[in-house]
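Got the viewer open and a selection box ready? Here is a walk through a few spots, one selection at a time.

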Amino acid sequence: MNPTAEDMLSVSATRADGMTPSEIWPNSSFFNRAISQSVESGAKRIERGVEINLTPRHRIKVDCMITPIIEEEYPTEILVELSDANAYEKVLNEANQQTVQEAAKESIQGMAHEIKNPLGGIRGAAQLLELELENEELKEYTQIIINESDRLRKFIDRMLTPSRVNEKSDLNIHEILEYVVSVVRAENSQNINISKDYDPSIPDVAGDREQIIQAVLNLIRNAVQAIDENGTITLKTRIRRQVTIQNKLNRHVIEVEIIDDGPGIPPEIEAGAFYPMITGRAEGTGLGLSIAQQIIQSHGGLISYEREYDETYFTILLPMD
Ligand SMILES: Nc1ncnc2c1ncn2[C@@H]1O[C@H](COP(=O)(O)OP(=O)(O)O)[C@@H](O)[C@H]1O
Ligand SMILES: [Mg+2]
């Protein structure tokens, strides 16, 4: 066992020396099974996402490669290589996220243009009609068409903007979180339990204030909608070092976690939750996560989703430099 394996399997090589796998890990049959299958087949095997119970309460998930080393007829040794499956899944997820977002961006923008183009025609026609109208009272209706067309147009323009960062300024992430919390509290009549775990040493970060507020608001609103009346939302901030996002290595990254103890994204929409128009709520638009992701990505960052120990984690990573 090399030092990494000692770490991963929570046992020292000295202690394990001379023991059988079932003596070391009585709660897991993994090694016995792997060894006997290898002896039988004599062939190299790869298994992904294997769960190993190190103790009744400590379980790891690994990808493994098992190679019998055959000297004469039977394997005399078996080489077991393990790697952390969760780390692998995370990378996969991240790669997926980028493809999803490319598609999302195209689909939102395509949709927006499809709506915007005929809007110009509708508005123009209403103006012409208004000129021809002799009855003043009827102009009230053309005005509604014109005003509503303008409103829809502004809404669409707002939908189209997240793909570019407009004005950057120095932002204090905690000030933004506090502001969003005050908005969310104002929106909800019932009391919401929000606990905070801030790292006060986090410096300002350059970003588009309006957009970052929008992204954080979308995530915290979702968390509010997910919890019940006794539920809690936790806001946690940290600095992370040496983080690769969108194939770029960042020396320092701000990590903002929005954690809630609700049920998590329903499994049937989990894979597509960051797509526009995918919603698990009757009154939802399915745009919240997609817009938030676009905003953070246009700042060089990433939002990811994880479910762990009955808690829902939305993590914003925002590069500092
Ligand atoms: N914190 C959360 N907990 C549980 N489900 C969530 C959470 N955030 C998002 N979701 C799920 O993802 C869906 C998509 O979210 P979103 O893109 O914001 O659209 P909308 O809120 O309009 O439905 C939600 O409808 C909900 O089912
Ligand atoms: Mg939402």
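Is Tyr309 buried or exposed? Select Tyr309 and turn on the surface: this residue is exposed, with a relative accessible area of 75%. Before you go further, keep in mind that this is a predicted model.

**Stop 1: the hairpin**

Stay where you are and widen the selection to the two neighbouring strands. Tyr309 sits in the loop between β9 and β10, and so does Asp310. Check the backbone torsions here: phi of Tyr309 is near 45°, a positive value in a residue other than glycine. Asp310 does likewise, with a positive phi near 65°, and is not a glycine either. At 63% relative accessibility, Asp310 also counts as exposed.

Now colour the strands. β9 covers residues 302-308 and β10 covers residues 311-319, and they pair in the antiparallel sense over 7 bridges. Together they make a hairpin with 2 residues between the strands. Show the side chains flanking the turn and you'll find Glu308 opposite Glu311 in β10. While you have the strands up, a reminder: in a regular strand, side chains alternate between the two faces of the sheet.

**Stop 2: a helix tucked inside**

Step back along the chain to helix α10, residues 288-298. How many of its 11 residues are buried? The count is 9, so the helix is largely enclosed by the rest of the structure. Select the buried set as sticks: Leu289, Ser290, Ile291, Ala292, Gln293, Gln294, Ile295, Ile296 and Gln297. Notice that the glutamines Gln293, Gln294 and Gln297 are among them. Just after α10, pick Gly300, which takes a positive phi of about 80°.

A little earlier in the chain, select Arg281 and Glu283, whose side chains meet in a salt bridge at 3.3 Å, N to O. Arg281 counts as partly exposed at 32% relative accessibility, while Glu283 counts as exposed at 60%.

**Stop 3: around helix α7**

Next, load up helix α7, residues 173-187. Which residue does Lys196 bridge to? Its salt-bridge partner is Glu178, with the closest N and O atoms 3.2 Å apart. Lys196 lies in strand β5 (residues 193-197) and Glu178 in α7, so the pair ties together parts that are 18 residues apart in sequence. Neither end is fully covered: Lys196 is partly exposed at 39% relative accessible area, and Glu178 is partly exposed at 34%.

For contrast, click on Leu177, also in α7. This leucine counts as buried, at 0% relative accessibility. Draw a distance from its C-alpha to that of Gln190, 13 residues along the chain, and you should read 19 Å.

One more pick in this region of the sequence: Tyr179 and Arg209. The charged end of Arg209 sits over the Tyr179 ring, 5.8 Å from the ring's centre.

**Stop 4: rings and charges towards the start of the chain**

Select Trp25, Phe30 and Phe31, which ring pairs link into a cluster. The whole model has 4 aromatic pairs. Trp25 and Phe31 make a stacked one, 4.5 Å centre to centre with 25° between the planes. Trp25 is buried at 6% relative accessible area, and Phe31 is buried as well, at 9%.

Now add Arg33, Arg45 and Glu47, which are linked in a network of salt bridges. Salt bridges number 12 across the structure. Zoom in on Arg45 and Glu47: their closest N and O atoms are 2.3 Å apart. Are these two buried or exposed? Arg45 is buried, with a relative accessible area of 19%, and Glu47 is buried too, at 15%. The cut-off for buried is under 20%, so Arg45 makes it in at 19%.

**Last stop: a nonpolar patch**

Finish on the surface. Select Ile115, Leu152 and Phe155, which form a nonpolar patch with about 240 Å² of accessible area together. Phe155 lies in helix α6, residues 139-160, and is partly exposed at 40% relative accessible area. If you're looking at how helix positions line up, recall that an α-helix has 3.6 residues a turn, so residues three or four places apart point the same way.

Note on methods:
Residues numbered from 1 in each chain as written. Chains lettered and ligands numbered in written order. Predicted model: local features only at pLDDT ≥ 70, side-chain atom pairs only at ≥ 80, totals over all residues. Heavy atoms only, no water. Patch = residues over 30% accessible without salt bridge, like charges linked within 9 Å, V, L, I, M, F, W, Y side chains within 5 Å. Areas by Shrake-Rupley, 256 points an atom, 1.4 Å probe, with all protein chains shown as cover. Salt bridge = Lys/Arg side-chain N within 4 Å of Asp/Glu carboxyl O. Helix = DSSP H or I, 4+ residues; strand = E, 2+ residues; numbered from the N terminus. Buried < 20%, exposed > 50% of the residue type's maximum accessible area, 1.4 Å probe, protein only. Pairing = 2+ DSSP bridges. Phe/Tyr/Trp six-rings, centres within 6.5 Å; stacked < 30°, edge-to-face > 60°. Lys NZ or Arg CZ within 6 Å of the ring centre and 35° of its normal.
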